[in-house]
Amino acid sequence: MTKKRIVVLTTGGTIASKPSDSGRSESGALSGEQLLDQVALPQGVDVTLEVISILQKPSNAVTLTDIAEFYRHGREALDREDVDGLVITHGTDTLEETAYFLSLTLPANKPCVITGSQRAPHHLGTDAFKNICDAIVAATSSQLRKLGCVVVFNESIFAARYARKVNSFQLNGFEAPGAGPVGYIDGQRVKLYYAAASVTPSMTGWDFPLPRVDLLPAYLDASPALLKACVESGAKAIVIDGLGRGHVPPSWMAPIKELISAGVPIAVVSSCAQGPINSSYEFSGSLADLASAGVLTLNDISARKARLALALLLSSTPREALGDAMERIMI
């Protein structure tokens with residue numbers, strides 16, 4: 001078997017922490033080289049690792065500029081003929097967003113795997129080295145080609161679109177509510193449960209800085225002033241994290257219609273962990289009401305991820321074609 005070459009990009013997070021003087025964990029303190037030196041791969045996994053430290057900070061501090069750098073380094077690695085796969089280590093707070101962004105933008109011809117940890121490397125029962133090990137093993141598997149960026153965590157493989165952080169501290173930190181994992185890693189074995197559908201072709205034509213897209217959660221008696229406040233402070237579009245099947249308070253409808261008439265794209269998703277939006281109700285603020293006002297209705301995606309997809313499209317798609325372009329991504 002030909003020896004595989006895997007590029008590992010490290011970006012900080014819990015997985016790269018060390019103890020601070022206060023007794024807490026200093027997130028992102030370890031360099032990529034320091035981190036990978038402690039990883040032992042299963043017997044029979046023959047790889048050459050090329051480690052590049054991009055960032056050393058907690059993922060709550062990751063910016064759109066940072067993920068543009070992740071994309072740039074990842075694209076350079078995947079474009080190389082001598083590279084067989086890509087692994088990215090990342091803090092868990094925003095890992096699902098980075099994974100989805102890279103799934104939309106990086107070529108899917110080689111495995112791209114992102115992982116993190118719930119427990120710091122110096123903590124008892126750390127999952128840091130096990131998750132890195134599993135991510136490397138997964139990145140050597142040709143089965144992951146054409147799947148885009150996937151999340152490997154707690155020996156499971158999740159599609160980036162559906163992966164969500166579901167636990168703040170236990171080792172089963174990530175799941176894919178409603179979809180489930182696409183497979184698992186057991187030692188040196190990678191198993192996919194089924195022939196997963198290929199992701200849509202990577203998006204092209206976008207550029208940085210991306211236009212600002214704000215998230216706005218709908219909740220009981222939420223003020224309609226929030227909508228205009230987003231736009232007046234610089235947002236170019238809004239994603240609403242809607243109630244239930246995709247609903248908002250009735251008082252939101254007037255400013256929503258005004259903003260859409262002024263050319264501001266607005267999208268709505270469900271804040272529920274599982275289940276699609278649906279226009280099965282007819283009342284003020286219902287999904288049917290929103291759709292008739294021109295709101296983009298998006299299924300099977302979290303607001304945090306919809307925001308990134310909408311920002312990418314806004315930077316590369318004429319306003320009149322935005323709805324059709326977003327619909328193609330949501331398939």
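Two residues are in contact when they have heavy atoms within 4.5 Å of each other. The structure described here is a predicted model.

By that rule, threonine 317 touches Leu322 and Ala325, once residues up to four places away in sequence are left out of the count. Threonine 317 sits in the loop between α8 and α9. With a relative accessibility of 18%, threonine 317 counts as buried, because the cut-off for buried is under 20% relative accessible area.

The two residues that threonine 317 touches lead into helix α9, which covers residues 322-330. Leu322 and Ala325 are buried there, and so are Met326, Ile329 and Met330. How are these buried residues arranged around the axis of α9? Seen down that axis, they fall within an arc of 140 degrees, so they line one face of the helix. The face turned away from the buried side of α9 carries Asp324, Glu327 and Arg328, which are exposed. The buried residues of α9 are covered by elements that include α3, α8 and β16 (296-297).

Two of these covering elements, α3 and α8, also meet each other. Helix α3 spans residues 95-105 and helix α8 residues 303-314; their axes come within 9 Å and cross at roughly 35 degrees. The crossing is right-handed. On the α3 side, the residues in contact are Glu96, Glu97, Tyr100, Phe101, Leu104 and Thr105. On the α8 side, they are Arg304, Lys305, Arg307, Leu308, Ala309 and Leu312. Which classes of residue make up this contact of α3 with α8? It has six nonpolar, five charged and one polar residues.

One of the α3 residues in this contact, Phe101, leads on to the aromatic rings. The model has seven aromatic pairs. In one of them, phenylalanine 101 and tryptophan 206 are arranged edge-to-face, at 5.7 Å centre to centre and with 75 degrees between the planes. Phenylalanine 101 belongs to helix α3, while tryptophan 206 lies in the loop between β12 (189-192) and β13 (213-217), so the pair ties together parts that are 105 residues apart in sequence. Phenylalanine 101 is buried, with a relative accessible area of 0%. Tryptophan 206 is buried too, with a relative accessible area of 14%.

Tryptophan 206 also pairs with phenylalanine 208. This pair is edge-to-face, at 5.6 Å centre to centre and with 75 degrees between the planes. Is phenylalanine 208 buried or partly exposed? Its relative accessible area is 22%, so phenylalanine 208 is partly exposed. Together with Tyr71, the residues Phe101, Trp206 and Phe208 form one aromatic cluster.

The last stop is alanine 77, in helix α2 (residues 64-79). Alanine 77 counts as buried, at 5% relative accessibility. Which residues does alanine 77 contact, leaving aside its neighbours within four places in sequence? They are Val7, Val83 and Leu86. Alanine 77 and aspartate 207 are 130 residues apart along the chain, and their C-alpha atoms are separated by 20 Å.

Methods: Residues numbered from 1 in each chain as written. Predicted model: local features only at pLDDT ≥ 70, side-chain atom pairs only at ≥ 80, totals over all residues. Heavy atoms only, no water. Axes fitted to C-alpha atoms, helices over the stretch in contact; angles between N-to-C directions. Helix = DSSP H or I, 4+ residues; strand = E, 2+ residues; numbered from the N terminus. Left-handed = near helix turned anticlockwise from the far one by under 90°. Nonpolar A, V, L, I, M, F, W, Y, C, P; charged D, E, K, R; others polar. Buried < 20%, exposed > 50% of the residue type's maximum accessible area, 1.4 Å probe, protein only. Arc of directions from axis to C-beta. Phe/Tyr/Trp six-rings, centres within 6.5 Å; stacked < 30°, edge-to-face > 60°.
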